Amino acid sequence: MTKASEKSARTRAREFALQGLYQHLVGRNDAQDIDLFTRDLSGFHKADSAHYDALLHGCIAQGAELDARLAPLLDRPLAELSPIEHAVLWIGAYEFLHCVDVPWRVVINECIELAKSFGGTDGHKFVNGVLNRLAPQIRGDEVARDPARRG
């Protein structure tokens, strides 16, 4: 387990975005209200606030598009996902689409860690499976060039 002090600013940004997306998915809270609340939380100053902004506001604004990309890859209806798994999948899909500076494997690994830290017992395995099927659809060239993906 990584000590809190060793977490990167982007990892922290993902954690705060996850908390905000959870509030949105469960309570239908407005992005601006979530943002104001989250920025006051302990430790937020150590997060990459630009990455947090992109994830929180981007995922909420593009929720329907992200869901449309994710739904065909799920083994259950979207409505049956836990809010944590749903939010983590949003983060992964959003980063695949818009954060091309983050390698696809890093996106998946970060999302697995989020699911392990905040989700249910085997949620990380589910997240891993979905994102590994989504990555080639969005980052096809990058995935194809990955030597580990060639059998």
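Me: Helices are DSSP runs of H or I with at least four residues, strands are E runs of at least two, and both are numbered from the N terminus. Where is His 24 found?

Reply: His 24 sits in helix α1. Before going on, keep in mind that this is a predicted model, where local features need pLDDT of at least 70, side-chain atom pairs count only at pLDDT 80 or more, and totals for chains, interfaces and linings use all residues. Residues are numbered from 1 along each chain as its sequence is written, and side-chain values use heavy atoms, with hydrogens and water left out.

Me: Does His 24 count as buried or exposed?

Reply: The labels go by relative accessible area: under 20% is buried, over 50% is exposed, and in between is partly exposed (1.4 Å probe, protein chains only). His 24 has 12% relative accessibility, which means it counts as buried. For a contrast, try Arg 28 in the loop between α1 and α2: at 58%, Arg 28 is exposed. Arg 28 also has a positive phi of about 55 degrees, although it isn't a glycine.

Me: And which residues is His 24 in contact with?

Reply: Contact is a matter of heavy atoms within 4.5 Å. Skip the neighbours within four places in sequence, and His 24 is in contact with Asn 29, Ile 34, Ile 60 and Trp 90. You can read Gly 58 in helix α3 the same way. Gly 58 is buried at 9%, and, not counting residues up to four places away in sequence, it touches Asp 53 and Tyr 94.

Me: How many aromatic pairs are there?

Reply: Here you look at the rings of Phe, Tyr and Trp (its six-membered ring): they pair if their centres lie within 6.5 Å, and planes under 30 degrees apart are stacked, over 60 edge-to-face, and the rest tilted. That rule gives two aromatic pairs. In one, the ring centres of Phe 16 and Phe 44 are 5.2 Å apart with the planes at 65 degrees, so it's edge-to-face. Phe 16 belongs to α1 (residues 9-27) and Phe 44 to the loop between α2 (31-39) and α3 (49-61), so the pair ties together parts 28 residues apart in sequence. Phe 44 also makes an edge-to-face pair with Tyr 52, at 5.0 Å centre to centre and 80 degrees between the planes. Phe 16, Phe 44 and Tyr 52 are thus linked into a cluster by ring pairs. Phe 16 is buried at 7%, Phe 44 at 6% and Tyr 52 at 0%.

Me: Which residues have the most contacts inside the largest nonpolar core?

Reply: Think of a nonpolar core as a set of buried Ala, Val, Leu, Ile, Met, Phe, Trp, Tyr and Cys residues joined through side-chain atoms within 4.5 Å. The largest one here has 45 residues, and Leu 21, Leu 89, Ile 91, Phe 96 and Leu 131 have the most contacts inside it. Helices α1, α2, α3, α4 (63-70), α5 (83-98), α6 (104-118) and α7 (123-138) each give two or more residues to this core. The biggest share comes from α5, with nine residues. Leu 89 touches several residues beyond four places away in sequence, among them Leu 70, Phe 126 and Leu 131.

Me: How many salt bridges does a search of the whole structure find?

Reply: The test is a side-chain nitrogen of Lys or Arg within 4 Å of a carboxyl oxygen of Asp or Glu, and the search turns up 14 salt bridges. Glu 15 meets Lys 7 at 2.9 Å, N to O; Glu 15 is buried at 12%, while Lys 7 is partly exposed at 29%. Arg 76 bridges to Glu 85, with the closest N and O atoms 3.3 Å apart.

Me: Which ring does Arg 76 lie over?

Reply: A charge sits over a ring if NZ of Lys or CZ of Arg is within 6 Å of the ring centre and within 35 degrees of the ring normal. Arg 76 lies over the face of Phe 126, 4.0 Å from the ring centre.

Me: Last one: how many disulfides are there?

Reply: A disulfide is a covalent bond between the sulfur atoms of two cysteines, and here the cut-off is a sulfur pair within 2.5 Å. The whole structure has zero disulfides. The sulfur of Cys 59 has its closest cysteine sulfur, in Cys 99, at 8.7 Å, too far for a bond. For Cys 111, the nearest cysteine sulfur is that of Cys 59, 9.2 Å away. Cys 59 is buried at 0%, and Cys 111 is buried at 0% too.
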